[in-house]
Amino acid sequence: MIEPVSRISGTQILRLRARILRTLGDELSSSETVAVIELVKNAYDADATRVLVRFQGPLEIGHGTIEVMDNGYGMSLETIRTTWMEPATLFRKRQQRSEQYGRRVLGEKGIGRFAASRLANTLEVVTRRAGEDREIRVRFDWSQFDDEHKYLDQVEVLWEESEPAEICPAGTTQALWRGEETPESSALTHGTVLRMEGLRAIWGESQLETLHTGLSRLVSPFFEQD
C-alpha cells in the first residue's frame with residue numbers, strides 16, 4: 001500500500017521592491033538625452049503647444065537642474081494620485097488620442113515619466129489643470145527607491161495643493177513665451193513643470209547638441225509660429 005504524500009500549500013502575494021522604479025527609469029531610456037525627449041513627448045500627449053527645456057548649472061554630477069515645462073492641459077489632484085502614481089497604468093492604452101487636439105499619443109506604456117529618475121536625484125512636479133484655480137506640487141526623492149529593504153508600497157510621496165505660484169501670470173511658465181509679446185493671462189493658467197535637481201550625469205557640449213538634434217526631430221516641418 002502506497003503511503004499518502006504529505007503536502008503543504010499556500011499562496012504568496014508578489015511585492016515589488018522600491019528599487020524597481022529606479023531600474024525602470026535607468027533601463028527605459030538608453031541615455032540621458034533620450035530620457036529628456038521622453039518627457040517632452042509626454043508634454044505633446046498633454047496637448048502642449050509650447051515646451052521649454054531649461055538647464056541651470058553647474059551641469060555636473062550631484063549639482064545642476066533640468067526643467068521641462070509645458071502649456072499642456074495639466075493634471076488634477078485625482079490624476080496625480082491615481083494615473084500618475086501608478087506605474088504601467090492603462091490610462092494611455094485606453095485613451096490613445098489626446099484630450100483637446102486628438103493627437104495620437106506617443107506614450108503608451110505608462111512608465112515614460114519615470115525616465116526622470118535617470119536624470120536627477122529628485123523630481124518636483126508642479127501642475128495646474130485647465131479650469132482649476134489651484135496648482136498641485138509633488139516631490140519625488142529617488143533615493144527612497146534605492147533602499148534595498150523598502151518595498152514599493154512603503155514609499156511615501158509628498159504632495160500639496162495651493163494657490164498658484166508658478167503656473168500663473170508672471171509665474172515660471174511665462175518663460176515659454178520669452179522674448180515674445182506677453183500672452184493672454186488665460187494661457188498661463190494651465191500646464192506642468194518638471195524640475196529635476198542633483199544631476200546623475202555630466203552634461204557637456206556633445207550631449208546638449210545631441211539633445212538639440214533629437215528635439216528638433218519632434219517639430220513638424222509644417223509648424224508655423226504664431
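## Buried residues and nonpolar cores

Ala 48 is buried in this predicted model, with a relative accessible area of 6%. Let's look at its surroundings. Ala 48 lies in the loop that links H2 to strand E1 (51-56). Setting aside residues up to four places away in sequence, Ala 48 touches Ala 43, Asp 70, Asn 71, Gly 72 and Arg 103. One of these partners, Asp 70, is 22 residues away from Ala 48 in sequence, with 5.9 Å between the two C-alpha atoms.

Arg 118 also counts as buried, because its relative accessibility of 16% falls under the 20% cut-off. Arg 118 belongs to helix H5, and its contacts, again without residues up to four places away in sequence, are Gly 25, Asp 26, Ser 29, Ser 30, Ser 31, Glu 32 and Arg 200.

Here are the two residues in brief:

| Residue | Place | Relative accessible area |
|---|---|---|
| Ala 48 | loop between H2 and strand E1 | 6% |
| Arg 118 | helix H5 | 16% |

Now for the nonpolar cores. The largest one has 32 residues, and the members touching the most others are Leu 123, Val 125, Met 196 and Trp 203. Elements that each supply at least two residues of this core include helix H3 (77-84), strand E3 (120-128) and strand E6 (191-199). H2 gives the largest share, five residues.

Which residues does Trp 203 contact, leaving aside neighbours within four places in sequence? They are Glu 32, Thr 33, Val 36, Phe 55, Leu 59, Ile 66, Leu 119, Leu 208 and Leu 211. A second, separate core has nine residues, among them Leu 52, Ile 167, Trp 177 and Val 193.

Terms used
Residues are numbered from 1 along each chain as its sequence is written. This is a predicted model: local features need pLDDT of at least 70, side-chain atom pairs count only at pLDDT 80 or more; totals for chains, interfaces and linings use all residues. Side-chain values use heavy atoms; hydrogens and water are left out. A nonpolar core is a set of buried Ala, Val, Leu, Ile, Met, Phe, Trp, Tyr and Cys residues joined through side-chain atoms within 4.5 Å. Buried means under 20% relative accessible area, exposed over 50%, partly exposed in between (1.4 Å probe, protein chains only). Helices (H or I, at least four residues) and strands (E, at least two) are DSSP runs, numbered from the N terminus. Contact means heavy atoms within 4.5 Å.
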